[in-house]
Amino acid sequence: MKLAHPRTGKLFDSPVPPGSGWPGDPATPATAVAATAAQVASVAGAAQTIEELDAAMSMCRACPRLVQWREEVAVVKRKSFAGEPYWGRPIPGFGAKRPRVMIVGLAPAAHGANRTGRVFTGDRSGDFLIAAMHRSGLANQAVCVDAADGLRLNQTRVAAAVRCAPPGNAPTPAERATCAPWLDAEWRLMSPTVRVIIALGGFAWRAALQMVRTGGGTVGKPAPQFGHAATAKLGDLTLIGCYHPSQQNTFTGKLTPQMLDEVFRLAGDLASVG
């Protein structure tokens, strides 16, 4: 059954078919579908533009468990969103095409980005993150509710290490490895301008280090250790650690708005974002 997008009113199936008019959908019915780990590596490695990469990424079906879960969630839905269509596909990165700051998270939320189709959008983690980015000048607004809400990022791009919502927020090692070429390709296309990487949590920190290694960058031995506000010089880059803005961290005070503001101010200063 088709349902109306909460902002545009256009009717969509769940999951959303490519090219059907969802705000920001980079794919078309002709976009190639990567269905195996080898195909992910091949398609991601061949992408020459961020638009091409985002389109292919949004159609990936290489991890059967993740495909089944994201699409089941898109059909069953959470009660509070039962009247909305769910994106139910992998989540591309979002933001500037030539960023100076790159933010790396873990994976989409089942009823957040998996519903809205935009990374860190539509859940409390996204609300917390984007509000801080707005306060620091990295986003044009604090509102982050759907893919047509007018959000723009200032010289900043946000991406997830794993592109599908995983059951229990826990992708398997095999799923992480299968998905890694998407982030590697995004880094290949973004890295010429990036000066600061912010890693949201320990998993994102490790994924960012591996992303830089795969791209031929400098990572010392032993590898730098994650911590909130920890910094590591990776050649001309600076990697900054930040506790993930999960409800567990924000509700308990492990991560406060002031702590997040400090990370984003440091990133903006180091990257000369103005």
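Here are four short exercises on this predicted model, each with a worked solution.

Residues are numbered from 1 along each chain as its sequence is written. Local features need pLDDT of at least 70 and side-chain atom pairs count only at pLDDT 80 or more, while totals for chains, interfaces and linings use all residues, and side-chain values use heavy atoms, leaving out hydrogens and water.

**Exercise 1: the sheet**

Task: Find the order of the strands in the open sheet, and name its edge strands.

Solution:
- Start with the terms: strands (E, at least two residues) and helices (H or I, at least four) are DSSP runs, numbered from the N terminus.
- Two strands pair if DSSP finds at least two bridges between them.
- Reading across, the 6 strands come in the order S3-S5-S4-S6-S8-S7, with mixed pairing.
- S3 and S7 are the edge strands, since each pairs on one side only.
- Now zoom in on one edge: S3 and S5 are antiparallel, joined over 2 bridges. There, Phe94 has Val158 in S5 as its bridge partner.

**Exercise 2: a covered helix**

Task: Work out how many residues of helix H2 are buried, and what covers them.

Solution:
- Buried means under 20% relative accessible area, exposed over 50%, and partly exposed in between (1.4 Å probe, protein chains only).
- H2 spans residues 50-57, and 6 of its 8 residues are buried.
- Those residues are Ile50, Leu53, Asp54, Ala55, Ala56 and Met57.
- Their cover includes H1, strand S5 (156-160) and helix H6 (173-190); contact here means heavy atoms within 4.5 Å.

**Exercise 3: cis peptide bonds**

Task: Locate the cis bonds that lead into Pro15 and Pro222.

Solution:
- A general point helps first: most peptide bonds are trans.
- The bond from Ser14 to Pro15 is cis, with omega near -5°. Pro15 sits in the loop between strand S2 (11-12) and helix H1 (37-46).
- From Lys221 to Pro222 the bond is also cis, with omega near -5°. Pro222 belongs to the loop between helix H7 (202-214) and strand S7 (231-234).

**Exercise 4: positive phi**

Task: Decide whether Lys77 is buried or exposed, and do likewise for Ser272.

Solution:
- Most residues other than glycine have a negative phi.
- Lys77 has a positive phi of about 65° and lies in the loop between helix H3 (64-76) and strand S3 (94-95). Its relative accessibility is 15%, so Lys77 counts as buried.
- Ser272 has a positive phi of about 55° and lies in the segment after helix H9 (257-271). With a relative accessible area of 53%, Ser272 is exposed.
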